[in-house]
Amino acid sequence: STGMVTLDPGFGNTAACRSEITYIDGDAGILRYRGYPIEQLAEGATFAEVCHLLVHGELPTPEQLDELTARLRDNAAIPAGLRDLIAAFPVEAHPMASLSGAVNMLAAFHADACDPADPAQVDEATIRLLAQLPTVAAQIHRRATGQDVVEPDPSLGYVENFLNMTFGPTEGGVDPLLVRAMDLLFILHADHELNCSTATVRVVGSSQADLFASIAAGVNALSGPLHGGANQAVLEMLEGIQRVDGDVDSFIKKVKDRESKTRLMGFGHRVYKNFDPRSKQIKKLAQQILSRQEGEDRLFELALQLEEHALSDQYFVDRKLYPNVDFYTGLIYRAMGFPTNMFTVLFAIGRLPGWIAHWRELRNDPAARIARPRQLYVGPKERAYPGRS
Ligand code: SDX
């Protein structure tokens with residue numbers, strides 16, 4: 001024990017319990033990446049800078065940022081064999097299933113960057129994943145929507161290129177407000193300490209599996225509706241309420257009826273028992289993006305009503321349930337033109353630098369050991385096998 005926190009040896013690696021990457025104060029609603037408050041990074045940084053900060057521990061110098069930008073641009077194309085694989089995925093596959101399959105297979109095409117013990121290979125794998133995940137995501141979307149692949153365009157920036165590959169070239173180029181909004185959303189999702197998917201990346205990485213295999217595992221953990229899948233579940237919840245004439249009161253009543261096992265998706269958090277600082281930034285962005293649309297956005301109005309109702313209802317107040325990072329993001333993604341089943345893929349692109357940073361921190365910790373939690377056995381006592389009669 002460190003006198004403050006009892007490190008769980010069962011988790012198998014001390015790095016899982018101690019980290020220099022992200023600080024969260026759930027009661028005060030504080031989130032800092034390598035000491036920088038999320039509000040300041042959201043205001044002034046770019047996603048590329050935040051990737052460098054999370055992975056290397058410091059904001060990049062102008063030269064380092066130029067080099068990172070160039071390496072991401074030069075590595076954006078995915079191997080032809082992977083393109084063919086994505087083109088063969090079932091059209092009805094959920095994009096998160098396709099994403100984890102594609103990421104796992106990246107190891108087969110990047111065999112020269114798979115040795116966790118070789119820092120040069122780890123750096124190569126880091127760059128190729130950061131550069132190629134958006135390309136993989138865009139090509140999965142084009143496959144699922146029956147559209148031709150749009151290749152990476154080296155004249156575009158990282159986020160602009162992703163939007164161009166996803167939605168195709170548009171007259172006048174990608175809307176700068178959408179680029180800024182996407183960049184900000186990626187920053188807000190970039191890391192979050194030892195959440196379910198990051199813990200998964202550490203557990204898989206602790207067996208000395210390669211970075212691609214560890215990230216593919218993180219993608220799978222993120223896909224669950226209690227975690228990253230919540231941004232899709234929020235939209236489906238809002239659309240469900242809209243189908244019954246926007247009857248928020250009946251929905252809230254159903255949530256409070258434990259028999260119904262209905263959750264207010266996008267609300268609640270294991271750590272934040274006050275507001276989620278990211279949700280405040282995202283709500284502001286939603287107001288900006290959605291106010292540009294013609295007419296009132298019924299679903300956004302519904303979301304605002306749900307939030308207002310929940311925040312004044314004792315059931316939610318007693319359980320310290322507030323909007324989390326997923327409550328408003330789906331409304332923005334929908335307004336940007338993404339189909340609902342792509343929302344969690346966007347979460348994965350944002351969270352990638354955080355997953356990589358945690359995996360590298362674990363790999364660089366000499367005290368790190370394989371994760372091997374123990375269980376309390378409560379099954380049958382010893383008994384004799386009766387033999388065959
Ligand atoms: C993310 O960990 C991270 O940092 C995650 C994340 C990240 O950046 O990586 O922040 C991203 O995953 C955000 C959370 C997205 N998930 C959702 O929005 C799904 C809805 N939320 C819940 O399922 C829940 O709040 C969790 C999963 C987020 C947290 O679950 P906990 O901490 O295990 O809480 P719990 O299930 O023990 O609930 C405590 C009480 C229970 O009531 P009682 O049994 O005490 O009467 O609160 C209730 C729960 O029923 N409750 C909810 C609720 N969340 C908890 N009731 C209604 N609606 C909800 N959303």
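This report walks through a helix pair, a ligand site and a few individual residues in a predicted model.

**Two helices side by side**

Let's start with helix H7, which covers residues 119–144, and helix H18, which covers residues 343–363. Their axes lie 10 Å apart and the packing angle is about 175 degrees. Angles over 145 degrees count as roughly antiparallel, and H7 and H18 are therefore roughly antiparallel to each other. The residues of this contact divide into 13 nonpolar, 1 polar and 2 charged. On the H7 side, the participants include Leu129, Leu130, Leu133 and Pro134. H18 contributes, among others, Ile349, Leu352, Pro353 and Trp359.

Threonine 126 belongs to helix H7 and is one of the residues that meet H18. Is threonine 126 buried or exposed? Its relative accessibility is 4%, so threonine 126 counts as buried. A polar atom of its side chain sits 2.8 Å from the backbone oxygen of valine 122. Beyond its neighbours within four places in sequence, threonine 126 touches Val55, Leu211, Ile356 and Arg360. Two of these partners, Ile356 and Arg360, are also listed in the H18 part of the helix contact.

**Around the ligand**

Next comes the ligand, which has 25 residues around it. Which of them are the closest? They are His192, Arg258, His269, Arg270 and Arg278. The table below sets out some polar atom pairs between protein and ligand.

| Residue | Protein atom | Ligand atom | Distance |
|---|---|---|---|
| Leucine 264 | polar backbone atom | nitrogen | 2.9 Å |
| Glycine 266 | backbone N or O atom | oxygen | 2.8 Å |
| Arginine 351 | polar side-chain atom | oxygen | 2.8 Å |

Histidine 269 also gives us a reference point for valine 317, a residue of helix H16 (residues 314–318). Valine 317 and histidine 269 are 48 residues apart in sequence, and their C-alpha atoms are 13 Å apart in space. With a relative accessible area of 35%, valine 317 is partly exposed.

**Positive phi in two loops**

Finally, here are two backbone angles you may like to inspect. Arginine 34 is not a glycine, yet its phi is positive, near 50 degrees. You will find arginine 34 in the loop that joins strand E2 (30–33) and strand E3 (36–37). Glutamine 208, likewise not a glycine, has a positive phi of about 70 degrees. The loop that holds glutamine 208 runs between helix H10 (196–205) and helix H11 (211–222). Glutamine 208 counts as exposed because its relative accessibility is 56%.

Note on methods
Residues are numbered from 1 along each chain as its sequence is written. This is a predicted model: local features need pLDDT of at least 70, side-chain atom pairs count only at pLDDT 80 or more; totals for chains, interfaces and linings use all residues. Side-chain values use heavy atoms; hydrogens and water are left out. Axes are lines fitted to C-alpha atoms, for helices over the stretch in contact, and angles run from 0 to 180 degrees between N-to-C directions. Helices (H or I, at least four residues) and strands (E, at least two) are DSSP runs, numbered from the N terminus. Angles under 35 degrees count as roughly parallel, over 145 as roughly antiparallel, 65 to 115 as roughly perpendicular and the rest as oblique. Contact means heavy atoms within 4.5 Å. Ala, Val, Leu, Ile, Met, Phe, Trp, Tyr, Cys and Pro count as nonpolar, Asp, Glu, Lys and Arg as charged, and the others, Gly among them, as polar. Buried means under 20% relative accessible area, exposed over 50%, partly exposed in between (1.4 Å probe, protein chains only). A polar contact is a pair of N or O atoms within 3.5 Å; within protein, one must be able to donate a hydrogen and the other to accept it, and residues adjacent in sequence count only if both atoms are side-chain atoms. A residue is near a molecule or strand if one of its heavy atoms lies within 4 Å of it.
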